[in-house]
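Let's take a walk through a protein model together. Have a look at the sequence and the 3D view first, then read on.

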Amino acid sequence: MSSPCDPKYAPVGDIGAALMMIDSRLKAVYDSKTETDPEQQQMVDQFAATLGPTGLDELLDGTGTLIYMFMQWLRRACEDADEDVIEYSVPALVATMRMMPKTFRPEVIPTMAGLLIAAGTGLSPNLWRAQYGPWTNAEMNPLEATAVLLAEHINRITGDHNFATRLITEALSRSDQG
């Protein structure tokens, strides 16, 4: 039976812009820069300002699509190891979120966990979230950070700091060819 949250009904968004932001954050983490670089933040703010209202929606949709793609890769990897993706990934990611109270206020953690669970069960995180109304300002940083944590989780599993980014760029490259 088809669900209204089936990914085939979901907007894909601007995956390239979302990936650029996620990759930039990952590089900062790997360079042990835990504080936001003011110059980098200024560039991100300038970039966001050029997007306009529809561009921001495209970026949000692109971030949701990245979360979906990462969770689908994790699901396949977990199935190969006879593990459940939700049981294997979500508790660890939520525990990490709880250790980051400046980024993840307690009230947004259930939403971010819901996005991961929706994606891990084959639903569109974008459409799942849309059921509850538009994104709030309080969810912007946690959404980006959720995608970063998920990418870093994949990178740690594979032992390759660039694996998650490469996974997406290769998928995008294949879709351009087809």
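Which backbone atom lies 2.8 Å from a polar atom of the side chain of N155? The backbone nitrogen of A164 does. Keep in mind as you explore that this is a predicted model.

## A buried asparagine

N155 sits in helix α6, which covers residues 140-158. Its relative accessibility is just 1%, so N155 counts as buried, since the cut-off for that is under 20%.

The side chain of N155 has a second backbone partner to look at: a polar atom of that side chain lies 2.9 Å from the backbone oxygen of H161. Leaving aside residues up to four places away in sequence, N155 touches L26, Y30, D160, H161, N162, F163 and A164.

## The nonpolar core

In soluble globular proteins, nonpolar side chains tend to be buried together. Here, the largest nonpolar core has 47 residues, and the ones touching the most other members are L66, I67, F70, M71, F104, L116 and L150. Helices α1, α2, α3, α4, α5, α6 and α7 each give two or more residues to this core. The largest share, ten residues, comes from α2.

Try zooming in on F70. Not counting residues up to four places away in sequence, F70 touches A147, L150, A151, I154, A164, L167 and I168. You've met A164 already: its backbone nitrogen is the one beside the side chain of N155.

## Cysteines without a bridge

A disulfide is a covalent bond between the sulfur atoms of two cysteines. How many does a search of the whole structure find? Zero disulfides turn up. Two cysteines are still worth finding in the view. C5 has 7% relative accessibility, so C5 counts as buried. C78, at 4%, counts as buried too.

## Salt bridges

Now for the charged side chains: a search of the whole structure finds seven salt bridges. One of them joins K27 and D23, at 3.2 Å from N to O. Both residues are in helix α1, four residues apart, which is about one turn of the helix. K27 is partly exposed, with a relative accessible area of 41%, whereas D23 counts as buried at 15%.

Helix α6 has a pair with that kind of spacing: E152 and R156 lie four residues apart, about one turn of the helix. Their closest N and O atoms are 2.8 Å apart in a salt bridge. R156 counts as exposed, because its relative accessibility is 51% and the cut-off is over 50%.

Finally, check out R105 and E107, whose side chains meet in a salt bridge of 2.8 Å, N to O. E107 is partly exposed, with a relative accessible area of 49%.

Definitions and conventions
Residues are numbered from 1 along each chain as its sequence is written. This is a predicted model: local features need pLDDT of at least 70, side-chain atom pairs count only at pLDDT 80 or more; totals for chains, interfaces and linings use all residues. Side-chain values use heavy atoms; hydrogens and water are left out. Buried means under 20% relative accessible area, exposed over 50%, partly exposed in between (1.4 Å probe, protein chains only). A polar contact is a pair of N or O atoms within 3.5 Å; within protein, one must be able to donate a hydrogen and the other to accept it, and residues adjacent in sequence count only if both atoms are side-chain atoms. Contact means heavy atoms within 4.5 Å. A nonpolar core is a set of buried Ala, Val, Leu, Ile, Met, Phe, Trp, Tyr and Cys residues joined through side-chain atoms within 4.5 Å. A disulfide is a pair of cysteine sulfur atoms within 2.5 Å. A salt bridge is a side-chain nitrogen of Lys or Arg within 4 Å of a carboxyl oxygen of Asp or Glu.
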